[in-house]
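Please look over the structure below before reading on. The report that follows treats a few of its local features one by one.

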Amino acid sequence: MKAPLSLAPLLPVTIAFSGGIILTFAGVPLWCAGVWIIASIILAMRRLRYYATVVAAIALGQINLWIQSPSEVSVKYLEGETFLSADVESVRETETSQILRVEIIRAGKASSEMNRVADVRSQIVIPAFTPAVYPGERITLKAKMNFPDAVEYFPDQLTYHKILKRQGILISGIAIPEDIFKIEDSPAVLAVFPRIKTKVKNALLKSSLDGETKEFLVTAITGDSSILDNDTRKTFAKAGTAHILALSGLHVGIIMVFCSLLFMPLILYPSLRKARILLIIIALWLFAFTTGLSASATRAVIMASCLLLAGLLQKRHSSFNALCLAALIILLFDPRALFNISFQLSFAAVAGILLFGNKLNPVSPRNREAYATMGFFTMSAGAMIATGVISGFYFHTFPLYFIIANVLTIPFLSPLIGSGVIIIILSLTGISSHYICKIADFLYSWMRGVSDTIANLPGASINHLTISTVSLLVWFAAITFFALWLYSRRRVLIYSALICTLSFIVLVFTTSTDAPNGVYLIPQTYRTDIAVCSPTRIDILTTALHREKERVKESNLRSFSEYMLNRNIDSLEVSGTEFANDCVIYNHPILTVGSKRILIANTDITLPQGAVFDYILVCRGYKKSISELTEMYATNLIILSGDLHPKRLSNYEKECCNLGVNYTLLKNNPLNNLLTTH
């Protein structure tokens, strides 16, 4: 096996293991794993042991995801009012509530009958700020548990169910403060790390740092990005420096250097030199656990540990193999991490650096200073070659000035994070860190200023990219051929890379986006929205009050994010009680969609008797009976929206049944595009 694969015998095993996970995720039945196992045994009997290992890895990947994926059926017994004892992993505060991510330890329908539960993660909402709950605590409470609504009211809707399922959460609940019986420190060994993380976070938040510097350092050191401002995210992403917001090898490297300096005195004692390496490894793993074992941080710590142990044991070190080992370990414990964007970007970035960083450097290694300087540019280019298209696939944008932005900001990151670590230590020991905070504020203001400037330059990024899965695969074929050519210099490989690159460009610029006109009814908790979609914008007609216009807009921007990205739409507005375009005319309470007339009953209606409507949409705010509507107006269908109070909804449903009126519950039976619904 030739380089670079000779340096990474784990690479085929890692790819096979990942392939097995993908097969199970795609719905391939588990019995296929048995076929792979039989094939592996046959290969082993023929003394093809390495190939047998690779094939067995496919089966293990399939089995691993199956074992670690609890189905809705397996947690069905938790639905309804349930008594829980759970370890709190994280807490996020909104304007009105605390949102807890927990791992359920025991559960039952009575407080005296709680039984052990295996590996069930959940989200619990407490609509109050007292009692305050913190990560690392064990909470005992009664909650009303339910499965998040998976109904989609329009194409590519980003539903609550989708968001939670991506995080491995199948069931969520709500608990009032009166139903919280006990809060105590969790006895679990790993629960100490969330408590440490909270102390570190509070040390930064209570310091004299500027607000934005606090947010950045909390994100960069603890991995908690919940307090980071959206404008900051967008600015760094547009400038091509978004990776400094996420825990990565760069951050772990800074921590490793800091620990090396901290344990430097041990070098003076020959008998303690090996202990110094072990202490650094222990410190790195403590950091990884404290940050919640994020994929990027864990990957970096595993690779750093391999490097340090290789030096300690005087063995040859392979960064490629360490990268593969990191992927295998992470996927073994969390196979769904494979579908996490941060996992994909983190591993792709390091692979790009390892494959292209040195090979693209035109300077001879003999000229150390120039080689190191040029390496900064080539490594940034290598990382972007591997991650740029992935980022474009998910976020539909590509930063063009990323090298300039990184050259001007990365040198300031190490002293900034180092300052943050010093501030934490001083704050925890009660020593003033005022002057260090001033230095940190200056360093961050420079980085933010550079990112702001570059993000606002003309042509800073290519926006509205449409990259399909096929295009993505073609691009990775291109960079694979290119990497193989760099190591072998065979012409056929560079020609293949060029052909794949041209094919990728053609696919990207010839792929058309489907953005037809559409009108969709979307029930919310306390209102009903009507989305009027065109190829260039989305207009929201809502039953909410005018003062809630901004909240309605923010909510729909989140829900429509994937729809808008996939169709290159960047405009969403909330309209008033009057609206008109080529397909829709709205003059409250009448909505005309093509040839259909819809009466929106969210107040007491005073239209002339005898009017005919295709649909009557009954929403929150309507107080009268269904019989009064049907006596006054003719309709083909009564639509009961999901924003109605549960008791009123039940009464209206019974009334429709008694009257023999054709009706539907919008919450459970979403209508298709009203422009195409017959």
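Helices and strands are here DSSP runs, numbered from the N terminus, with at least four residues for a helix and at least two for a strand. The model is a predicted one.

**Backbone features in loops**

Most residues other than glycine have a negative phi, and most peptide bonds are trans. The table lists residues and bonds that depart from this pattern.

| Item | Value | Location |
|---|---|---|
| R47 | positive phi of about 65 degrees | loop between α2 (31-45) and α3 (49-67) |
| D156 | positive phi of about 60 degrees | loop between β4 and α4 (160-166) |
| T130 to P131 | cis, omega near 0 degrees | P131: loop between β3 (115-126) and β4 (137-146) |
| H588 to P589 | cis, omega near 15 degrees | P589: loop between β14 (584-587) and β15 (590-593) |

Neither R47 nor D156 is a glycine. Is R47 buried or exposed? A residue counts as exposed over 50% relative accessible area, and R47 is exposed because its relative accessibility is 71%. D156 has a relative accessibility of 26%, so D156 counts as partly exposed.

The cis bonds each lead into a proline: one runs from T130 to P131, the other from H588 to P589.

**A buried residue in a helix**

N406 belongs to helix α14, which covers residues 402-428. Buried means under 20% relative accessible area; N406 is therefore buried, at 5% relative accessibility. Which backbone atom does the side chain of N406 reach? That atom is the backbone oxygen of F402, at 2.6 Å. When residues up to four places away in sequence are not counted, N406 touches G240, T241, H243, F376, S380 and P411.

**An open sheet and a helix across it**

Strands of a sheet pair through backbone hydrogen bonds, either parallel or antiparallel. In this model, an open sheet is formed by 4 strands in the order β9-β10-β11-β12, and its pairing is mixed. Why is one side of β9 and of β12 left without a neighbour in the sheet? Strands β9 (518-523) and β12 (572-574) stand at the edges and each has a single partner strand, so one side of each has no neighbour there. On average, neighbouring strands of this sheet are turned by 20 degrees against each other, with direction ignored.

Strand β11 (residues 538-542) and β12 run parallel and are joined by 3 bridges. I540 has V574 in β12 as its bridge partner.

Which helix lies across β10, β11 and β12? Helix α18, made of residues 549-559, lies across β10 (528-533), β11 and β12. The helix runs at about 150 degrees to β12.

**A residue in helix α21**

L659 is placed in helix α21, residues 646-659. With a relative accessible area of 41%, L659 is partly exposed, because partly exposed covers the range between under 20% and over 50%. Leaving aside neighbours within four places in sequence, L659 is in contact with I626, S627 and T630. How many residues apart in sequence are L659 and N517? They are 142 residues apart in sequence, and their C-alpha atoms are 36 Å apart in space.

Conventions
Residues are numbered from 1 along each chain as its sequence is written. This is a predicted model: local features need pLDDT of at least 70, side-chain atom pairs count only at pLDDT 80 or more; totals for chains, interfaces and linings use all residues. Side-chain values use heavy atoms; hydrogens and water are left out. Buried means under 20% relative accessible area, exposed over 50%, partly exposed in between (1.4 Å probe, protein chains only). A polar contact is a pair of N or O atoms within 3.5 Å; within protein, one must be able to donate a hydrogen and the other to accept it, and residues adjacent in sequence count only if both atoms are side-chain atoms. Contact means heavy atoms within 4.5 Å. Two strands pair if DSSP finds at least two bridges between them. Axes are lines fitted to C-alpha atoms, for helices over the stretch in contact, and angles run from 0 to 180 degrees between N-to-C directions.
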